[in-house]
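Here's a set of short exercises to work through with the model open beside you. Try each task yourself before reading its solution.

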Amino acid sequence: KSNRYMIVVAAGSGKRMGASLPKQFLPLAGKPILMHTLQRVCDFDASIHILLVLHPDYFDYWNSMVAAHQFTAPHTLIAGGAERFHSVKAAIDSIDDTTAIVGIHDGVRPLVSSETLARCFATAEHMGNAVPVVSVNDSLRKVEGKSNSAVDRSSYRIVQTPQCFQQHLLKTAFAQPYQPTFTDDASVVEAAGQAIHLVEGNRENIKVTSPEDLEWAAWALSRRVGS
């Protein structure tokens with residue numbers, strides 16, 4: 001089995017939540033969201049190498065939180081860049097093992113399941129990459145200018161993380177110049193000519209971006225003790 005790495009991206013400054021602290025540090029069930037996310041990854045695979053990408057301004061704050069909560073999940077800090085692309089690239093460049101399988105996960109997705117993690121890593125090992133998705137439950141309409149039209153929701157999927165890749169493919173993909181069209185890591189790899197493989201995610205694996213999400217995540221965690 002290849003060595004596994006998980007790049008956890010938490011270099012954002014959290015403007016949308018309306019809080020003074022970036023959202024990855026906000027408390028969820030008594031400890032920062034980010035700690036739940038790292039613990040979930042560590043519980044899935046204790047031997048995984050976790051690379052936590054933070055804005056360097058928050059290194060000291062994070063280290064004080066780790067001490068205060070006696071947080072023991074092993075991880076290495078990486079300084080983030082201007083865009084997600086640059087943050088992820090910095091972490092990729094720190095990995096010497098070209099045979100590794102590397103996951104890239106949002107720091108504010110603390111409810112990823114072990115099943116989703118297992119599917120992503122196993123598929124990436126065999127197929128080169130894996131992106132977790134869930135089906136769209138809501139009806140969708142496409143807006144073009146002043147007109148809009150119904151679209152077939154069965155043709156669409158909601159994308160989650162972790163997005164997992166063979167390290168040698170990531171190295172090649174992230175050697176490209178940054179483009180604003182790179183909305184996630186799969187779009188970078190796709191732009192380098194790789195077909196993307198979809199796997200089933202888990203519905204609870206939301207990105208916590210609003211106070212309502214935080215409340216829902218607290219409820220979901222209370223229901224999933226030990227999962």
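**Exercise 1: a serine in a loop**

Is S210 buried or exposed?

*Solution.* One note before we start: this is a predicted model.

Step 1. Find the residue: S210 sits in the loop between β12 (198-200) and α7 (211-223).

Step 2. Apply the cut-off. Buried means under 20% relative accessible area. S210 has 18% relative accessibility, so S210 counts as buried.

Step 3. Look at the surroundings. The side chain of S210 makes a polar contact with the side chain of E212, at 3.2 Å. Then find K23: in sequence, S210 and K23 are 187 residues apart, but in space their C-alpha atoms are 8.6 Å apart.

**Exercise 2: the whole chain**

Work out how the overall size of the protein chain compares with the globule rule.

*Solution.* Step 1. Take stock of the parts: the chain has seven helices and 12 strands.

Step 2. Compare the radius of gyration with the rule. The radius is 17 Å, close to the 17 Å that the globule rule gives for 227 residues, so the chain is as compact as a globular protein of that length.

Step 3. Check the extents. Along its principal axes, the C-alpha trace spans about 55 × 40 × 35 Å.

Step 4. Look inside. Buried residues account for 48% of the 227 residues. Of the contacts between residues at least 6 apart in sequence, 73% join residues at least 24 apart.

**Exercise 3: one face of a helix**

Find the buried residues of helix α3 and say how they are arranged around its axis.

*Solution.* Step 1. Helix α3 covers residues 84-93, and its buried residues are F85, S87, V88, A91 and I92.

Step 2. Look down the axis of α3: these buried residues fall within an arc of 165 degrees, so they line one face of the helix.

Step 3. Recall some helix geometry. An α-helix has 3.6 residues a turn, so residues three or four places apart point the same way.

Step 4. See what lies against the buried residues of α3. They pack against β1 (4-10), β4 (49-54), β5 (76-79), β6, α5 (167-173) and α6 (185-191).

Step 5. Zoom in on S87. With 1% relative accessibility, S87 counts as buried. Its side chain reaches the backbone nitrogen of G81 at 2.9 Å. Leaving aside residues up to four places away in sequence, S87 touches V9, A11, V53, G80 and G81.

**Exercise 4: a second helix**

Do the same for helix α4: describe its length, its buried residues and what comes after the helix.

*Solution.* Step 1. Helix α4 (residues 114-127) has 14 residues and reaches 20 Å from its first C-alpha to its last, close to the 20 Å expected at 1.5 Å a residue.

Step 2. Its buried residues are T116, L117, C120, F121, T123 and A124. Viewed down the axis of α4, they fall within an arc of 165 degrees, so they line one face of the helix.

Step 3. The elements covering the buried residues of α4 include β1, α1 (33-44), β6, β7 (129-135), β11 (163-166) and β12.

Step 4. Next along the chain, α4 is followed by G128, whose phi is positive, near 100 degrees.

**Exercise 5: a histidine in a strand**

What does the side chain of H105 reach, and at what distance?

*Solution.* Step 1. H105 lies in strand β6 (residues 101-106). Its relative accessibility is 0%, so H105 counts as buried.

Step 2. The side chain of H105 reaches the backbone oxygen of R109 at 2.9 Å.

Step 3. Residues up to four places away in sequence aside, H105 touches M6, I7, V8, V9, T37, V112, T161, P162 and N205.

**Exercise 6: aromatic rings**

Classify the ring pairs W62 with F71 and F85 with Y178.

*Solution.* Step 1. There are 10 aromatic pairs in the count. W62 and F71 form an edge-to-face pair, 6.3 Å centre to centre with 75 degrees between the planes. Both W62 and F71 are buried.

Step 2. The rings of F85 and Y178 have centres 5.5 Å apart and planes at 50 degrees, so this pair is tilted. It links distant parts of the chain: F85 is in helix α3 and Y178 in the loop between α5 and α6, 93 residues apart.

Step 3. Compare the exposure of these two. F85 has 6% relative accessibility and counts as buried, while Y178, at 31%, is partly exposed.

Step 4. Finally, pick out the cluster: ring pairs link F25, Y58, Y61, W62 and F71.

Technical notes: Residues numbered from 1 in each chain as written. Predicted model: local features only at pLDDT ≥ 70, side-chain atom pairs only at ≥ 80, totals over all residues. Heavy atoms only, no water. Helix = DSSP H or I, 4+ residues; strand = E, 2+ residues; numbered from the N terminus. Buried < 20%, exposed > 50% of the residue type's maximum accessible area, 1.4 Å probe, protein only. Polar contact = N/O pair within 3.5 Å; in protein donor to acceptor, adjacent residues only side chain to side chain. Contact = heavy atoms within 4.5 Å. Arc of directions from axis to C-beta. Phe/Tyr/Trp six-rings, centres within 6.5 Å; stacked < 30°, edge-to-face > 60°. Expected span 1.5 Å × (residues − 1). Rg over C-alpha atoms; globule rule 2.2 N^0.38 Å.
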